[in-house]
Amino acid sequence: MRYHNITTDDMLNGDGLRVVLWVAGCSHCCKGCHNPITWDPDGGLPFDRAAKQEIFDQLDKSYISGITFSGGDPLHPANSLGVRELMAEIKEKYPSKTIWLYTGDSWENILHYPLMSYVDVVVDGEFHVEEKDANLLWKGSANQRVIDVQASLGQEDPRVPVLHCGNYAQRYTETKKPSGLCGCQD
Ligand code: SF4
């Protein structure tokens with residue numbers, strides 16, 4: 001697995017203050033993606049021991065709510081095993097911290113992935129520039145969904161996801177996303 005950045009005290013990619021791992025590699029090629037530099041799985045830096053420790057140092061802080069995996073696409077074949085192993089280690093070491101995952105894949109295609117047992121929230125789907133709305137909560141276009149993974153997997157038919165939140169925050173002006181930070185959101 002390779003990555004482009006680790007950002008800290010992030011308020012824009014999930015609930016609370018978070019550490020965000022921005023991985024390299026995405027094959028969705030969404031029109032309007034503001035971060036095509038992340039598409040190349042050979043781009044960025046190797047995710048090494050120092051990078052992992054940087055994440056753990058953040059998760060050690062009591063005020064950090066958890067980690068968000070973004071990119072790029074954490075479920076790109078170049079990343080999925082490394083992401084799964086890192087998630088397993090984090091859940092073991094920090095069971096009270098939440099794990100969010102942004103992916104261009106659709107929930108229906110990924111719900112059976114073993115790593116979903118570690119994930120609290122998935123934001124799924126490719127970015128559709130035609131459905132772009134800067135006021136959406138935690139996502140860039142209206143087709144994407146913010147999914148409560150464990151509630152969804154607990155249903156008789158997990159293919160119909162339970163949403164973690166509505167499309168808009170009640171006071172969205174305080175939480176709306178800036179444009180162009182991540183692949184999966186505009
Ligand atoms: S918007 Fe996200 S899923 Fe789409 S090409 Fe960019 S990084 Fe990939």
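**A friendly note on the sheet and core of this predicted model**

1. Let's start inside the sheet: strand 2 (residues 17-23) and strand 4 run parallel and are joined by six bridges. Two strands count as paired if DSSP finds at least two bridges between them, and strands (E, at least two residues) and helices (H or I, at least four) are DSSP runs numbered from the N terminus. One facing pair here is R18 and G66, the latter in strand 4.

2. A word on the ground rules. Residues are numbered from 1 along each chain as its sequence is written. The model is predicted, with local features needing pLDDT of at least 70 and side-chain atom pairs counting only at pLDDT 80 or more, while totals for chains, interfaces and linings use all residues.

3. On confidence, the protein chain has a mean pLDDT (the predictor's confidence in each residue, from 0 to 100) of 92, and 91% of its residues reach 70 or more. Please keep an eye on residues 172-186, where pLDDT stays under 50.

4. Now zoom out to the whole sheet. It is open, has seven strands in the order 3-1-2-4-5-6-7, and its pairing is mixed. Strand 3 (45-46) and strand 7 stand at the edges with a single partner strand each, so one side of each has no neighbour in the sheet.

5. Strand 4 (residues 64-70) deserves a second look: seven of its seven residues are buried, meaning that 20 or more other C-beta atoms, placed from the backbone, lie within 10 Å of a residue's own. Four bridges join strand 4 to strand 5 (residues 98-102), and these two run parallel. I67 stands opposite I99 in strand 5, and T68 has W100 as its bridge partner there. Between the two strands the chain passes through helix 2 (residues 80-93), making a right-handed β-α-β crossover; right-handed says that, with the strands pointing away from the viewer, the path from the first strand over the helix to the second runs clockwise.

6. Finally, the largest nonpolar core has 31 residues, of which L21 and V122 touch the most other members. Such a core is a set of buried Ala, Val, Leu, Ile, Met, Phe, Trp, Tyr and Cys residues joined through C-beta atoms within 7 Å. Strand 2 gives the largest share, five residues. Leaving aside residues up to four places away in sequence, V122 touches L101, T103, W107, I147 and V149, a contact being C-beta atoms, placed from the backbone, within 7 Å.

Notes. A residue is buried if 20 or more other C-beta atoms lie within 10 Å of its own, exposed if 12 or fewer, and partly exposed in between; C-beta atoms are placed from the backbone. Two residues are in contact if their C-beta atoms, placed from the backbone, lie within 7 Å.
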